[in-house]
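The exercises below each set a task and then work through its solution step by step. Please keep the sequence and the three-dimensional view at hand while reading.

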Amino acid sequence: FFFKQKTAYEMQRGLVGSEMCIRDRGYGMDSAGRVLENFACLKQQFQWVNFRGSDQLGIVDQTGITNLKLAAAAGITYRTLYITPCKDCPEGNQMANLCSALAGYGSTVGIYIWIYPSYFPSDKVRAREFLGSLTRSIGNYPSCFSYFALYTTRNDWNSVFGEDFQIYSNKELAWINVDHDPDPKRGWIPFGGWRTPSDKYYESSYTGCGNSGLGLLSWGGRRISETDEEKKNEQILFILQ
């Protein structure tokens with residue numbers, strides 16, 4: 001299933017069926033490990049960009065920081081970072097290092113936490129405690145991070161934490177389901193207390209604006225703008241446990 005001959009707009013329009021649906025739903029992209037080109041073009045295709053900020057070793061992805069700044073300079077409204085948690089790092093170090101790397105960025109940024117079995121302790125109780133510690137460390141740096149959200153599949157969430165773990169259901173969920181369909185509810189089965197996902201990661205190998213290997217995301221709910229303090233403050237709820 002290849003989309004390389006279509007723009008993101010053309011692909012999304014064909015899948016959702018109408019231009020009105022395009023305007024009612026937002027589209028984003030994510031990338032890791034390299035500096036992207038042609039952000040003016042990316043701005044025409046995407047309202048949201050999501051870059052890796054830190055990997056599972058706790059190392060800051062400097063290409064993600066560079067991309068974040070380039071996206072801001074291009075005027076892309078919604079800009080976030082995701083992290084692959086470092087379970088072996090000293091508590092708080094991963095977010096402290098990421099916050100330091102954001103010096104000079106000039107704005108706070110939302111953080112998506114990727115939930116994947118190898119990034120967490122195998123024991124479910126310890127995994128839950130580790131996630132709590134990670135969210136607390138994000139909350140310790142309000143000058144850098146405006147909110148956090150979760151990034152995962154149903155199977156990975158249940159494998160890491162168990163089916164009864166639902167205390168984060170008030171957070172935004174980027175549901176990973178690479179089915180090439182941007183509809184956030186298509187194929188959805190509730191888990192983790194979420195009735196519906198906020199976002200959906202639906203394509204992993206899109207080529208656009210001279211950049212290959214981009215991930216594509218859609219959202220059907222509300223997004224948080226870094227330039228809208230009132231909306232942002234309404235959604236900053238850090239779980240402190």
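## Exercise 1: two aromatic pairs

Tyr 116 is partly exposed at a relative accessible area of 37%, where buried means under 20%, exposed over 50% and partly exposed in between, computed with a 1.4 Å probe on protein chains only. This is a predicted model, in which local features need pLDDT of at least 70 and side-chain atom pairs count only at pLDDT 80 or more, while totals for chains, interfaces and linings use all residues. Residues are numbered from 1 along each chain as its sequence is written, and side-chain values use heavy atoms, with hydrogens and water left out.

Task: classify the ring pair of Trp 114 and Tyr 116, and then the pair of Phe 120 and Phe 130.

Solution. Rings of Phe, Tyr and Trp (its six-membered ring) pair if their centres lie within 6.5 Å, and planes under 30 degrees apart count as stacked, over 60 as edge-to-face and the rest as tilted. For Trp 114 and Tyr 116 the centres are 6.3 Å apart and the planes stand at 55 degrees, so this pair is tilted; Trp 114 is itself partly exposed, at 24%. Phe 120 and Phe 130 are edge-to-face, with 5.3 Å from centre to centre and 70 degrees between the planes. Phe 120 lies in the loop between β4 and α6, and Phe 130 lies in helix α6, 10 residues apart. Phe 120 is buried with a relative accessible area of 1%, and Phe 130 is buried with 15%. Both belong to one aromatic cluster, which also includes Phe 148, Trp 157 and Phe 161.

## Exercise 2: two helices

Task: describe how α6 and α7 are arranged relative to each other.

Solution. Helices (H or I, at least four residues) and strands (E, at least two) are DSSP runs, numbered from the N terminus. The axes, which are lines fitted to C-alpha atoms over the stretch in contact, with angles from 0 to 180 degrees between N-to-C directions, come within 7 Å for α6 (residues 124–139) and α7 (residues 154–161) and cross at roughly 110 degrees. Angles of 65 to 115 degrees count as roughly perpendicular, and α6 and α7 are therefore roughly perpendicular to each other. In contact terms (heavy atoms within 4.5 Å), Lys 124, Ala 127, Arg 128 and Leu 131 of α6 meet residues of α7, among them Trp 157 and Phe 161.

## Exercise 3: the sheet

Task: state how β4 and β5 pair.

Solution. Two strands pair if DSSP finds at least two bridges between them; β4 (residues 109–114) and β5 (residues 145–152) do so in the parallel sense over six bridges. One of the bridge partners in β5 is Leu 150, opposite Ile 113.

Definitions and conventions. Parallel < 35°, antiparallel > 145°, perpendicular 65-115°, else oblique.
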